[in-house]
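Me: I want to check the labels put on this model. For each one, give me the value, the cut-off and the conclusion.

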Amino acid sequence: MIQSPPFRFLRELFTPVGPPVPLLGQARRRWVRRLPYAVAAVFVAILLPVTGTMLTREYGLHPGLAVVLAFFQAGPLFVAVRRPLLAWAVVLVADVVGAAALLGVPAREGNPWPWPPMEIIGMLLLMLALGLRERPRTLVAAWTLTCAASVALQSIAPERGSGVWVALVVIGGVLMLLGGALRGRGDARRALAEQETISEAERARRTLLEERTRIARELHDVVAHHMSVITVQADSAPYRIAGLPPEAGEEFTSIAATARESLTEMRRLLGVLRSEDNGEEPGGERAPQPGVSRIPQLVEATVRSGQPVELTTGPEVAAAAAALPQAVDLSAYRIVQEALANVVRHAPGAPTRVSVSVSAESLMVLVVNDAAAGPDAPLESSGTGHGLVGMRERVRLVGGSLDTGPLPEGGYRVAARLPFAGAD
């Protein structure tokens, strides 16, 4: 149904500004939040019986009608705590109906008309509530309608009228202005608090980015330098050392290749860390990430280091490697990489088996090593446990499961299930 512009304007004008949140509901103190309910209860308890009694005794209205009018003129004060615009509309209509009903009884000298004193008190409270909640144009419309109703009733029976309606209009306007000013001040304070919260979050984020940049610089200064030295020494060893056996030359070549690959991956990680500082796309993300297809190279490099490792993969793994989700592909490689690194550090020389299999729903990775055969001490006697934590985080990222722990006959087992659905 298409509405004409005046009807659209009126609908927008008399639409509440927001959800029915209690007046002062955003105050910090509990007693302030409950204050509107207490004020409404007090005034309803006073105005309801006084209005009914005064309309009956002072104005001569029928008791039944007086009670009904008192209910609709004082009762909506409870509604005004959450919906002041609705309460004001109900009370204004009830007050106009009450003024019209008083035209049917003889006028008594000294009784204000069209608004009895108790109706003025209730209306003033509602106008203050309107000022605390509604937007300025709604306040102007409500004040204008109140003035129009007062003037119209005054013109119908000027002999009954008195100047009391002027007090309602003037004091009501002042209360609306006061309520609007208080509401604007509260909105400004809340906006300032929100802005301070946002600024604090931005400062925390900036501090985090600065710390990440500092870590990236330190990683580059410390680790990259040593890795570069290792690469150069391994590459130049066959030329610097005379009579080097071919096996030793191949070993130095393998060391140089491993160091160069580690240096490349570290630079990719540094690119990710530094990219958060300037919002640019990390350069490392443009390089291809390692995956299941590179696990054989990883195992081969471990074997060249002297660790006996056996790799078992089915033909379905090679066929599905290109279609694996990136998160699953990278997580499988990193889990095998960390597991083999732990074997080399903590159980050098122990026979190790790596198995990778694919099902319709997940990728399974299994790394099992036997107990170290020799009495040699491990390369590292202590660890931080960050490797296992990293495995769990990668598995949790794709919604999989990880099982790690020592075996009864000695050795260690790492089993990971990486579902495809979780990665998607």
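Me: Why is Gln73 called buried?

Reply: First, a caution: this is a predicted model. Gln73 has a relative accessible area of 5%. Buried means under 20%. So Gln73 counts as buried.

Me: Where is Gln73, and which residues does Gln73 contact beyond four places in sequence?

Reply: Gln73 is in helix α3. Its contacts, leaving aside neighbours within four places, are Thr51, Leu55, Val91, Ala94, Asp95, Gly98 and Glu119. Contact here means heavy atoms within 4.5 Å.

Me: What lines the largest cavity?

Reply: Gln73 is part of that lining, along with Leu47, Thr51, Ala74, Met118, Glu119 and Gly122. The elements giving two or more residues are α2, α3 and α5. The most come from α5, with three residues. By class, the lining has three nonpolar, three polar and one charged residues.

Me: What makes this space a cavity, and how many cavities does the search find?

Reply: A cavity is a set of points where a 1.4 Å probe fits but cannot get out. The search of the whole structure finds one of 30 Å³ or more. The largest cavity holds about 30 Å³ of space.

Me: What is the volume of the second largest pocket, and which residues are closest to its centre?

Reply: Its volume is about 1,100 Å³. There are 26 lining residues, and the closest to the centre are Gln26, Ala27, Gly186, Asp187 and Arg190. A pocket, by definition, is an open set of points.

Me: Which elements build the lining of the second largest pocket, and what classes of residue are in it?

Reply: α2, α5 and α7 each supply at least two residues. The most come from α7, with ten. The classes are 13 nonpolar, four polar and nine charged.

Me: Why is the pair Phe71 and Phe72 called edge-to-face?

Reply: Start with the distance. The ring centres of Phe71 and Phe72 are 5.4 Å apart, and rings pair if their centres lie within 6.5 Å. Now the angle. The planes are at 90°, and over 60 degrees counts as edge-to-face. So the pair is edge-to-face. By this rule the count comes to one aromatic pair.

Me: Is Phe72 buried, partly exposed or exposed?

Reply: Phe72 has 41% relative accessibility. Buried is under 20% and exposed is over 50%, with partly exposed in between. Phe72 therefore counts as partly exposed.

Me: How do you know that the length of helix α6 agrees with its residue count?

Reply: Helix α6 covers residues 136-156, which is 21 residues. The expected span is 1.5 Å times one less than the number of residues. That gives 30 Å for α6, and its end C-alpha atoms are 30 Å apart, so the two agree.

Me: Which residues of α6 are buried?

Reply: They are Thr138, Leu139, Ala141, Ala142, Thr146, Cys147, Ala149, Ser150, Leu153 and Gln154. In general, an α-helix has 3.6 residues a turn, so residues three or four places apart point the same way.

Me: Why is Asn369 called buried?

Reply: Its relative accessibility is 7%, and the cut-off is under 20%. Asn369 therefore counts as buried. Asn369 lies in strand β3, residues 362-369. Beyond four places in sequence, Asn369 touches Val343, Ala347, Ala350, Pro351, Thr352, Leu407, Gly410, Gly411 and Tyr412.

Me: Why is Leu388 called partly exposed?

Reply: Leu388 has a relative accessible area of 22%. Partly exposed runs between 20% and 50%, so Leu388 gets that label. Leu388 is in helix α13, residues 386-397. Among residues over four places away, Leu388 touches Leu402, Thr404 and Tyr412. The C-alpha atoms of Leu388 and Thr404 are 8.3 Å apart, with their positions 16 residues apart in sequence.

Me: What makes Val299 buried?

Reply: Its relative accessibility is 6%, and under 20% is buried. Val299 therefore counts as buried. Val299 lies in helix α10, residues 295-304. Beyond four places in sequence, Val299 touches Val309, Leu311 and Leu340.

Key
Residues are numbered from 1 along each chain as its sequence is written. This is a predicted model: local features need pLDDT of at least 70, side-chain atom pairs count only at pLDDT 80 or more; totals for chains, interfaces and linings use all residues. Side-chain values use heavy atoms; hydrogens and water are left out. Buried means under 20% relative accessible area, exposed over 50%, partly exposed in between (1.4 Å probe, protein chains only). On a 1 Å grid over the protein atoms alone, a cavity is a set of points where a 1.4 Å probe fits but cannot get out, and a pocket is an open set with protein on both sides within 12 Å along at least five of seven lines; lining residues have an atom within 4 Å of a point. Grid points are joined across faces, edges and corners, and a volume is the space filled by probe spheres set on the points. Ala, Val, Leu, Ile, Met, Phe, Trp, Tyr, Cys and Pro count as nonpolar, Asp, Glu, Lys and Arg as charged, and the others, Gly among them, as polar. Rings of Phe, Tyr and Trp (its six-membered ring) pair if their centres lie within 6.5 Å; planes under 30 degrees apart count as stacked, over 60 as edge-to-face and the rest as tilted.
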